[in-house]
Amino acid sequence: MADATRSAAMHPASATPLLHPQRKYSLGKALVYALLTTFAFVSLIPFLWMISTSLMTLGETLNMRLLPGDALSGLSNYTQAWNEAQFSRYFMNSVVITFTTIAGLLTTSVLAGYAFARIQFVGRNTLFTLMLITLMIPEAVTMVPNFLIITGKIPVIPSFSDTFPPQLVFDRNWMNTLTALTLPFMANAFSIFLLRQFFSTIPNELWDACRIDGGGHLRFLTQIVLPISKPVILTVTLLTFIASWNAFLWPLIVTTRPDWRPLVVGLYNFTQDAGTDTHLLMAGSFITILPIMLLYFFTQKTFTEGIATTGLKG
């Protein structure tokens, strides 16, 4: 008994054992996961509500029901939405607009990003700084000059006249055309910045080896830089795809006919004078975002790698 008392007096911590550090870490980790799970569920509520509403009848949506009465029958809403709103035309328009924009933007961004990263020329840093300043300009501010350019009020875009022999003109009105929907978005300061930062991290030894082999900038770009830049190029492609596919305000401004209107603008067909067909609108909305979800699902690993490996050098 005396020995036990003496031991407790010498080691008072053993009498009141504290929480083990590993157990503290596990408890904190569990709390973080619980908070993240809660926030993730809250952020998913609008998406879940959209799916639930898309499977309801119009009467169920007006009665503010949370769940559809017959979900299997509600699947017909997707077919009805696709047929009534001419989604096949709008879908093809969105595909053409998106891929044309991506092709044009990748061409300009890759060339500009490479020039800023690997080519020494007078005023390079000044031009790069001015380009970065444009990131601070709100999109709403640029819509007015872009609209004036597209309508020919500011003669910038070259074209050929319809007369014979054709003449070069700069004041053509590009309303309701593919050019109006794609050309203003074929150059993006953020994409150039992202590619430039990645290109700057490529070792100079690779450029020296290319020069010894007799190659120039074009060969270095096509055979060395681009193959090892697939993650960041895919990142730029995904960001451009999402922005172009979800574009609403600009296509609504520069199109007055359904000839080139994209899928998002086509959702307007569910809003009529008598009211909005909410169940069909939600079904059409799900059809609209489905390509983005599938694209990100299959490319999320490369997308994350592109963001993580993009350097901040320079």
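In the next few minutes I will talk about the largest pocket of this structure and then about two residues with an unusual backbone angle. Please keep in mind throughout that what we are looking at is a predicted model.

Let me start with the pocket. The space in the largest pocket comes to about 1,100 Å³, and its lining is made up of 33 residues, of which Glu139, Pro184, Phe185, Ala187 and Asn188 are the closest to the centre. If you follow the helices, you will find that α6 (87-118), α8 (139-150), α10 (189-200), α13 (230-245) and α14 (249-254) each give at least two residues to this lining, and that α13 provides the largest share, namely five residues. And what is the lining of the largest pocket like in character, nonpolar, polar or charged? By residue, it divides into 24 nonpolar, eight polar and one charged.

Now to the backbone. Methionine 64, which is not a glycine, nevertheless has a positive phi of about 60 degrees, and you can find methionine 64 in the loop that runs between α3 (58-62) and α4 (71-74). Asparagine 176 also is a residue other than glycine with a positive phi, here near 60 degrees, and its place is the loop between β2 (168-169) and α9 (178-182).

Which of these two residues is buried, and which is exposed? Methionine 64 has a relative accessible area of 66%, and because exposed means over 50%, methionine 64 counts as exposed. Asparagine 176 has a relative accessible area of 11%, which is under the 20% cut-off, so asparagine 176 counts as buried.

Note on methods:
Residues numbered from 1 in each chain as written. Predicted model: local features only at pLDDT ≥ 70, side-chain atom pairs only at ≥ 80, totals over all residues. Heavy atoms only, no water. Helix = DSSP H or I, 4+ residues; strand = E, 2+ residues; numbered from the N terminus. Buried < 20%, exposed > 50% of the residue type's maximum accessible area, 1.4 Å probe, protein only. 1 Å grid on protein atoms, 1.4 Å probe; cavity = no way out; pocket = protein on both sides within 12 Å on 5 of 7 lines; lining within 4 Å. Points joined across faces, edges and corners; volume = space filled by probe spheres on them. Nonpolar A, V, L, I, M, F, W, Y, C, P; charged D, E, K, R; others polar.
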